[in-house]
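This report goes through a few selected residues and their surroundings. Please look at the sequence and the structure before reading on.

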Amino acid sequence: MSRRELHFGPHTVALEHADKVLFPELGITKGDLADYYVAVAAVMLPHLTGRPVTLERYPDGVGKNGFFQKETPHHFPDFVPRSTQAKEGGSTRYTLVENTATLAYLVGQGTITPHVWLSRADRPKNPDRMIFDLDPPQGGFGLVLAAARELRAVLEKRGYYCQVMTTGSKGLHVVVPLDRSVDFDQVRAEARDIASELESDRFTLEQRKDKRDGRLYLDVMRNGYAQTTVAPYAVRARQHASVAVPLDWDELDDDLRPDGFSMQSVLDRLEQREDPWKGLGRHARRLR
């Protein structure tokens, strides 16, 4: 199989088996995936920098045995930053993604999707993001669109700025930038209080699927220490290689699909418009 060398200033990434197919239905190779992440690095890295990352790895391609990895292996090169974070009974040395060379190297290790913390490594218990994961019932994406719009209205009424993103999977994420002045317990309590305003015969906070009765689940439980969310512009480990994409609010229309963006359509999109989440941190608010 082929070997490619990618050069990023003083750093060289040897991409072994660059022609290995990672997405069999589309024929997307490891080299194709690396090229995509290098191409979007300028807009993607601001959403990754400083955040511990969990790696979703499929060394033999999607459809084969994949796994999630938190601990950074010792063999990772020095240009890949690390951050040691506490866990119950010990600590974990997480990978940080702060340069393009790291993105390319992780693809070489079979990483498909990076999942990021809602806090930064320097103050890990104080999130700078509050997130609402809108998880639809079977075939109910119209409910997701309605929930996102109603959630935005509630958030803005409370004085928060918010943005929205497709997950590349089944739903949408609504994200609120925060000033890191409070801890996760307070943020999760506020998120639950906000979501409770939407509870109805359409939307629920019920975690058990068998008790939702066809209602959309307003998931606020990701607002916790060491919980992760898919990184903006990350490719999902699905056969059609869909991408998680930040949106403008006026893009929430009936034609939108949460898994409707491909790597190529994202590249085309970024040639025509700026990242809707550019400068998101400038809108950070103190928790109410």
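In this predicted model, the side chains of Glu56 and His115 are joined by a polar contact of 2.8 Å. Glu56 belongs to strand E5, which covers residues 53-57. The residue is buried, yet Glu56 has no salt bridge. Which side chain of opposite charge is nearest to Glu56? That side chain is Arg236, 4.9 Å away. A salt bridge needs a side-chain nitrogen of Lys or Arg within 4 Å of a carboxyl oxygen of Asp or Glu, so the pair does not count as one.

Apart from neighbours within four places in sequence, Glu56 is in contact with several residues. Among them are Phe67 and Phe68, the run Gly110, Thr111, Ile112 and Thr113, and also Ala237. His115, the partner in the polar contact, is one of these residues too.

Two residues are listed next for their backbone angle phi. Most residues other than glycine have a negative phi. Arg180 and Ala241 are not glycine, and each has a positive value.

| Residue | Phi | Loop between | Relative accessibility |
|---|---|---|---|
| Arg180 | near 65° | strand E12 (172-177) and helix H4 (184-196) | 16% |
| Ala241 | near 50° | strand E15 (228-230) and strand E16 (246-247) | 1% |

Are these two residues buried or exposed? Buried means under 20% relative accessible area. Arg180 counts as buried because its relative accessibility is 16%, and Ala241 counts as buried because its value is 1%.

Ala241 also has a link to another loop: Ser262 touches Ala241 and Val243, when residues up to four places away in sequence are not counted. Ser262 lies in the loop between E16 and helix H5 (263-272). With a relative accessible area of 30%, Ser262 is partly exposed. Ser262 and Ala244 are 18 residues apart along the chain, and 9.1 Å separates their C-alpha atoms.

The last topic is the interior. The largest nonpolar core has 88 residues. Which of its residues touch the most other members? They are Tyr37, Met130, Phe132, Leu134, Leu155, Val174 and Val235. Helix H3, residues 141-157, gives the most to this core, with 10 residues.

Leu155 can serve as an example. Leaving aside neighbours within four places in sequence, Leu155 is in contact with Met130, Phe132 and Val174, which are also among the core residues that touch the most other members. Other contacts of Leu155 include Tyr160, Cys162, Val176 and Ile194.

Technical notes. Residues numbered from 1 in each chain as written. Predicted model: local features only at pLDDT ≥ 70, side-chain atom pairs only at ≥ 80, totals over all residues. Heavy atoms only, no water. Helix = DSSP H or I, 4+ residues; strand = E, 2+ residues; numbered from the N terminus. Buried < 20%, exposed > 50% of the residue type's maximum accessible area, 1.4 Å probe, protein only. Lys, Arg positive; Asp, Glu negative; His and termini not counted. Polar contact = N/O pair within 3.5 Å; in protein donor to acceptor, adjacent residues only side chain to side chain. Contact = heavy atoms within 4.5 Å. Core = buried A, V, L, I, M, F, W, Y, C linked by side-chain atoms within 4.5 Å.
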